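Here is a friendly walk through a model, element by element. Please keep the viewer open as you read.

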Amino acid sequence: MPRCSWWSRAVVALAISFVLVFANRVLAEGPDRIRPGSNILKDAIAAALERSATFRSLAERIERSDLIVYLTCNRFESVTLAGRTLLVAAQPGLRYVRVQVLCELPHSGLVAIVAHELQHVVEIASATDVVDDASMVRLFSAIGFSRQQVPRPKQFETPAALEIGGRVRREMDQSPPANTLARRDSGERSARKSGD
Ligand SMILES: [Zn+2]
């Protein structure tokens with residue numbers, strides 16, 4: 001078994017601190033590559049970054065990718081559709097994705113659908129050969145399943161995206177917003193004060 005020399009340990013430590021610094025930067029400044037087109041989406045992303053570790057790792061994975069993600073509100077022709085992810089353009093080293101979500105959803109539902117669609121973005125990020133409709137269909141036929149019988153327009157779903165949406169929603173539910181905690185804390189303090 002190779003011995004772990006001091007410098008290789010240093011490299012590992014450096015890599016770990018880079019990841020931590022990177023995660024903190026995404027949390028502090030917001031992701032560069034995910035570009036929300038409205039305040040409601042900006043707020044949903046800020047809340048999810050603060051309260052969901054799964055959402056943070058999605059954002060960090062996208063930050064390390066060659067994708068730019070435009071996130072916009074949309075109304076869909078089908079009542080069963082709340083979000084979709086489209087590849088808009090691709091050039092060497094840079095691909096553009098549009099994520100459309102139904103912004104009328106309640107806050108936790110909106111965050112869950114954004115997370116669900118960002119998992120699809122991560123799936124595209126992991127497949128650098130996806131550059132057009134044909135390669136998108138190839139990828140999602142391999143990792144997912146078709147959502148409808150009618151072949152056009154093609155709609156796919158993946159088990160990973162279904163799982164991630166639910167997981168982020170649960171993490172959000174288990175981690176109340178900071179201002180709720182602050183209110184609860186000050187409420188308890190004033191209750192204690194009045195009891196003195
Ligand atoms: Zn999906």
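## Helix α3 against helix α6

The axes of α3 and α6 cross at roughly 130° and come within 8 Å. The two helices are therefore oblique to each other, a word used for angles outside three ranges: under 35 degrees is roughly parallel, over 145 roughly antiparallel, and 65 to 115 roughly perpendicular. Axes here are lines fitted to C-alpha atoms, for helices over the stretch in contact, with angles from 0 to 180 degrees between N-to-C directions. Helices and strands are DSSP runs numbered from the N terminus (H or I and at least four residues for a helix, E and at least two for a strand).

On the α3 side A53, T54 and F55 take part, meeting I164, R167, V168 and E171 of α6. Contact means that the C-beta atoms of two residues, placed from the backbone, lie within 7 Å. Sorted by class, this contact holds 4 nonpolar, 1 polar and 2 charged residues. Nonpolar covers Ala, Val, Leu, Ile, Met, Phe, Trp, Tyr, Cys and Pro; charged covers Asp, Glu, Lys and Arg; the others, Gly among them, are polar.

## About the model

This is a predicted model, in which local features need pLDDT of at least 70 and side-chain atom pairs count only at pLDDT 80 or more, while totals for chains, interfaces and linings use all residues. Residues are numbered from 1 along each chain as its sequence is written.

The predictor's confidence in each residue, pLDDT, runs from 0 to 100. Its mean over the chain is 83, with 72% of the residues at 70 or more. For residues 16–20 pLDDT stays under 50, and the model has 0 contacts beyond four places in sequence for them. Residues 188–196 also have pLDDT below 50, with 0 contacts beyond near neighbours in sequence. Where pLDDT is low, the predicted coordinates should not be read in detail.

## Helix α4 and its two partners

Helix α4 (residues 107–125) packs against helix α6 (residues 159–174) at an angle of about 140°, their axes 8 Å apart. That makes α4 oblique to α6. The crossing of this pair is right-handed, meaning that the near helix is turned clockwise from the far one by less than a right angle; anticlockwise would be left-handed. From α4 the contact draws on S108, V111, A112, I113, A115, H116, Q119, H120 and E123, and from α6 on A160, A161, I164, G165, V168, R169, M172 and D173. These residues divide into 9 nonpolar, 5 polar and 3 charged.

Helix α3 (residues 53–63) also packs with α4, at an angle of about 35° and with axes 10 Å apart. The crossing of α3 and α4 is left-handed. Here F55, L58, R61 and I62 of α3 meet A115, L118, Q119, V121, V122 and A125 of α4. The contact of α3 with α4 is made of 8 nonpolar residues, 1 polar and 1 charged.

## The chain as a whole

The chain has 7 helices and 6 strands, arranged along the sequence as α-β-α-α-β-β-β-α-α-β-β-α-α. Of its 196 residues, 26% count as buried; that takes 20 or more other C-beta atoms, placed from the backbone, within 10 Å of a residue's own, while 12 or fewer make it exposed and anything in between partly exposed. Of the contacts between residues at least 6 apart in sequence, 70% join residues at least 24 apart.

## Three residues to look up

V88 sits in strand β3. With 11 other C-beta atoms within 10 Å, V88 is exposed. Leaving aside residues up to four places away in sequence, V88 touches Y96, V97 and R98. The C-alpha atoms of V88 and R98 are 6.4 Å apart, for a separation of 10 residues along the chain.

G93 lies in the loop between β3 (83–91) and β4 (94–101), and counts as exposed because it has 7 C-beta neighbours inside 10 Å. Between G93 and D66, 27 residues apart in sequence, the C-alpha to C-alpha distance is 5.8 Å. In strand β5 (residues 145–146) you will find S146, which is partly exposed with 14 C-beta neighbours inside 10 Å. The C-alpha atoms of S146 and E157 are separated by 6.4 Å, the two residues being 11 apart along the chain.
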